[in-house]
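Thank you all for coming; I would like to take a few minutes to walk through one chain of a model with you. Please have a look at it before I go on.

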Amino acid sequence: MRMTAKLLAAAVVAAVAGSTASAESIYAPNLSYRTGPFAATGIPLMNGQKDYIDMLNARDGGIGGVTVDFDECETGYSTEKGVECYEKTKGKAIVTQPWSTGITLQVLPKTNVDEIPILAPGYGFSPMADGKVFKWAFNAPSSYWDGASMILQYIDSQDGLKGKKIAFLHLDHPFGKEPLPFLEKKAAEQGFELVPIPVGLKEMQNQSAQWLQIRRERPDYVVMWGWGAMNAGAITEAVKTKFPMDHFIGVWWSGHDADLDLVGEEGKGYKSISWSFPELDAPVMADIKKYVVDPGNSQSNEKEMQGVFYGRGLVISMILAEGIKAAQDHFGTAAIDATQLRWGLENLDVTEERLAELGMTGMVPPFKTSCSDHTGHSGGWMLEWDGAKFVKVSDLLKPETDAIAALEVEKAKEYADANAPWPMNDDCN
Amino acid sequence: MLSEIFVEPFADMVAAPDFLMQVLWEGLVSGILYALIALGFVLIYRSSRIFNFAQGIMVVFAALTLVGLHEAGVPAWVSVVLTLGVMFVLAVVVERVVLRPLVGQPDIILFMATIGITLFLIGFGEIIFGGENKVMITQELGIPTDSVVFEPFGGLLILEQKDITAAGIAALLVIGLLLFLNKTRMGRAIRALGDDHQAAMSVGISLQTIWVLVWFIAGIIALVTGIAWGARAGVSFALEVIAYKALPVLMLGGLESISGAIVGGLMIGMLEKLFEIYWGQPLLGGNTETWFAFMLALVVLLFRPQGLFGERIIERV
């Protein structure tokens, strides 16, 4: 009898110890791509993401007293591998960060069943903003349609849009095609001609045909939705064909310092819309250096840390961390689960004051999410390559949220109907 | 519709001959680079009947080694020599570790072994050089980077000096290769081995030496290709996918023919560019280069299964 009591006591102790251990960390996997054709753009982003979480773990002991277990599963930007990574990590994950529009679209229906929030900052499917339809998906702080809207507004403010011809150079991939519905709608409304020019995955580094078409079409502007090696291929062709660089504007994934380093001074004037900016003097950078770089725990290097993509990686992890914190505060527990994080991501309120507290003023515009708005529509800045680095050349640009919201609702409904029966979030009004 | 297919493209060509010349030049440059990659495949296939799946990653590995050595402070031309040394060591290791133990195995086993080499080089290369895009040391190698501008028919024709240089070096490489294969003892030994392994070995030709030699030559071709492609858009693992462009060249030109690789490469480079610009973009929304070469090769295979220049083998049973 005494033996049985001892065994029972041991089991209770073990159970308590086990639950304490699990409460000490929360599992936040990242479906990263440090290898393959897109690695050049993936590495600085992944390094920024990881360094921010490592800094929180080292400086604050994590978030709300629990450390964040930031695990990477390598996808090589392959949709198939991404789905495998999702399946492998979903068991104890409180979030999935798919890192590709293709992977996001594949895991989107699965997350409804598995009840895991998707965090896809600045990428994925733009209608994910509609939280009534996409209960588990978040693409704060800006969607691709936001980006397209801001670029068009910028062009309009420079030369006017009516009667202009805009070439849309894009990767022939779900990511590249994502802004087309919005651009087509705006072309009809605002009277400009849109010329879509796709670039195949195998042609990313040999875009002479695409740039011959640009030469023949003589567009007023080239807008690029490029990624990975496509950016470098396009920028070098633009220089080669003497296209005016100040009329060449990329989405935020086409504004990577290393791609412009290839052409240096000749790329002067090239622009990229961006919802993030690297503020090298921001207090967060000093903390990253003190708690991660100096102890030798960063995979980054000084040059990369000064770039746009590394800074964006920091912001992306900040969004996750703020979601975790919001959930912890609301539910009064440190070891939150996926459902609770979903609430946190739906109630983000990143104000100027909060950014100042985080030491990230100027690195991302303020934004706020809600049940019906999973994007936040933060807006962004137009950046310009000055021959050596990107600089801000505009005040904060804001997307046309009314025009975008109408299209979001329309396309979200189309998606839900095409994937019926699709669960709707009836709590959202 | 018929007019859009049969009349308008040719009217466009006549109306803007300078643009047509630019299209042909861009196609020629692409074709030369496709031909270079295809040559690497052909050389190894001729001597060993191995379809070398690793040729694409060898291009990346050679280019990354060159840039990596230079970044480490080695002068540009010394880096070239050292990179050639690395490619030679790679050839020896491949022969000793991978090919020699598999002598006599079915072709498919050797093909699978080259997939293994590819995966190893991807992983090894990423550990050593990282996955970031790197700038090719074009200027350090003395390759001119300016453009030559002509105004034919009152229009505009821009030729990049680095493309002209690449074309010249590729031509020299091909001539050198042909001279080596036809005029030297070693070259004849390679050809003999390709014709009949057993017969060649019976007259004292060393299989091991020849395999090291052809893999080394494929490494030299990979380095030249890597410099030429890298000068266009940087050096990264994305370059590997360019190797797939050599597959239709091989289908068209035949796996065993050096002249087939050259003619096939040039044909595909120029025809796919012409088709994309004058038919693909106006009628099909563009991006036809991803499939046009394969369709062309398929049509050729319907009539000549051995390719345009491949050997017709008659097997009697």
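Before I come to any pairing of residues, let me say that two strands are taken to pair if DSSP finds at least two bridges between them. What you have in front of you is a predicted model, and within chain B the bridge partner of B:Phe150 in β2(B) is B:Leu157. That bridge belongs to an antiparallel pairing over 4 bridges, made by strand β1, residues 147-150 of chain B, and strand β2, residues 157-160 of chain B. The hairpin of β1(B) and β2(B) has 6 residues between the strands, and there B:Phe153 takes a positive phi near 55 degrees.

Stepping back to the chain as a whole, chain B has 13 helices and 2 strands. Its C-alpha trace spans about 60 × 60 × 35 Å along the principal axes, and its radius of gyration is 21 Å, which agrees with the value near 20 Å that a compact globule of 317 residues would have. Of those 317 residues, 46% count as buried, and among contacts between residues at least 6 apart in sequence, 74% join residues at least 24 apart.

How confident is the predictor in chain B, in terms of mean pLDDT? The mean is 90, and 98% of the residues reach 70 or more, while among the elements of chain B the lowest mean, 84, belongs to helix α9, residues 197-202, and the highest, 96, to helix α5, residues 76-99. For the model, the scores are ipTM 0.87 and pTM 0.88. As a general caution, predicted coordinates should not be read in detail where pLDDT is low.

Definitions and conventions:
Residues numbered from 1 in each chain as written. Chains lettered and ligands numbered in written order. Predicted model: local features only at pLDDT ≥ 70, side-chain atom pairs only at ≥ 80, totals over all residues. Rg over C-alpha atoms; globule rule 2.2 N^0.38 Å. Buried ≥ 20, exposed ≤ 12 C-beta atoms within 10 Å, placed from the backbone. Contact = placed C-beta atoms within 7 Å. pLDDT = per-residue confidence, 0-100.
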